[in-house]
Amino acid sequence: MEAAFMTQTILAWSGGKDSTASGILAKLHKLPLDGIVTVQPDPYKAEAQMIERFESFMEMPVEVIPGPMFEDFFYRVKVKGANEGGIYGWPKMYQRACSRYLKWQPQEHWQSKNPNTVMIVGIAADEKKRLVGLHKSEDISYLEQLGYTQNAARQLCMEYDLLNPIYNFSHRLGCVRCPKQSLSSLRYTRMLEPEKWQWMLENDQYSPVSFKPGYTLQELEERFCSQPLLPIPRKLVASVYQAHEADAQYTEISDEHKQVDEME
Ligand code: SF4
């Protein structure tokens with residue numbers, strides 16, 4: 001068979017526990033795996049080392065699919081509807097326009113350019129509703145095939161030291177600037193990503209949608225400033241220090257974080 005027509009089995013890797021565990025299982029059980037792709041519209045710096053570790057473990061590169069970044073969505077102009085001509089601004093809490101634009105469309109575009117592919121997706125054996133959708137597609141799940149639940153996937157990632165560090169403060173992964181994070185998660189984001197947080201503060205005024213229902217980001221910032229600092233999870237201490245040493249204006253906050261760490 002000509003190489004151009006051979007089916008390639010590709011892992012759709014999000015950096016999360018389920019797709020990471022899918023890769024680990026492919027390696028351990030010698031299951032078909034020809035490549036790894038990911039879409040990263042707004043990653044945390046702390047996740048960069050995670051990619052390197054995963055590539056090293058998998059002994060193959062992770063291809064980052066090119067696509068729009070978070071700021072492209074924020075300033076994207078609406079072409080229809082009541083707010084035609086205005087920008088999107090912050091993603092709305094109960095709409096998925098950002099996921100479609102930032103994640104699904106780039107991956108679908110990549111797949112249209114690589115038609116002979118079967119995608120391995122990180123859907124666990126206990127995600128019954130998602131599996132129903134999976135079975136209607138051409139995609140496959142190694143977690144389902146091997147009976148791995150979400151908890152088992154997490155344990156496997158921990159066993160190989162490949163659990164995304166963002167799980168240290170958030171049960172979900174996603175964009176740094178995502179308003180759908182919990183308030184606690186946002187407080188950690190503020191510590192870990194001072195440059196993006198500053199971008200958020202500066203651009204908050206241009207969004208036609210408030211950052212969270214009933215709150216602008218500026219109001220949340222004032223609230224966070226009045227709250228005691230959160231303890232830094234051990235796996236993120238280096239990332240917090242690096243983030244703040246890179247920008248002199250955050251030295252004072254960094255020092256406060258060091259005090260928190262010393263108290264632990
Ligand atoms: S993580 Fe948040 S901002 Fe990013 S695509 Fe998903 S919902 Fe949208």
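**Exercise 1. Determine whether the radius of gyration of this predicted model agrees with that of a compact globule.**

Solution. The protein has 264 residues, and a compact globule of that length would have a radius of gyration near 18 Å. The value for the protein is 20 Å, which agrees. The extent along the principal axes can then be added: the C-alpha atoms fill a box of roughly 65 × 50 × 30 Å. As for secondary structure, the protein contains 12 helices and four strands. Burial completes the description, with 28% of the 264 residues counted as buried. Finally, among contacts with a separation of 6 or more, 67% join residues 24 or more positions apart.

**Exercise 2. Identify the elements that each supply at least two residues of the largest nonpolar core.**

Solution. The core has 20 residues, of which Leu11, Ala12, Ala21, Ile120, Leu143, Ala153 and Cys157 touch the most other members. At least two residues of this core come from each of strand 1 (8–12), helix 1 (17–28), helix 6 (142–145) and helix 7 (150–159). A second core, separate from this one, consists of 18 residues, including Tyr44, Phe70, Phe169 and Ile232. To examine one member of the largest core, take Ala153: beyond its neighbours within four places in sequence, Ala153 is in contact with Lys17, Asp18, Ala21, Ala124, Leu143 and Tyr148.

**Exercise 3. Decide whether Arg96 is buried or exposed.**

Solution. Begin with the location: Arg96 lies in the loop between helix 3 (70–74) and helix 4 (97–113). Next, count the surroundings: 11 other C-beta atoms lie within 10 Å of Arg96. A residue is exposed if this count is 12 or fewer; therefore Arg96 is exposed. For a distance from this position, consider Gly81, 15 residues away along the chain: its C-alpha atom and that of Arg96 are separated by 16 Å.

**Exercise 4. List the residues that surround the ligand and classify them.**

Solution. The surrounding residues are Pro91, Cys98, Ser99, Leu102, Lys103, Gly174, Cys175, Cys178 and Lys180. By class, this shell comprises five nonpolar, two polar and two charged residues.

**Exercise 5. Establish where pLDDT stays under 50.**

Solution. Start from the overall figures: the average pLDDT of the protein is 89, and 91% of the residues score at least 70. The stretch in which pLDDT stays under 50 is residues 248–264. For this stretch the model has 18 contacts beyond four places in sequence.

Conventions:
Residues numbered from 1 in each chain as written. Predicted model: local features only at pLDDT ≥ 70, side-chain atom pairs only at ≥ 80, totals over all residues. Core = buried A, V, L, I, M, F, W, Y, C linked by C-beta atoms within 7 Å. Contact = placed C-beta atoms within 7 Å. Rg over C-alpha atoms; globule rule 2.2 N^0.38 Å. Near = placed C-beta within 6 Å. Nonpolar A, V, L, I, M, F, W, Y, C, P; charged D, E, K, R; others polar. pLDDT = per-residue confidence, 0-100.
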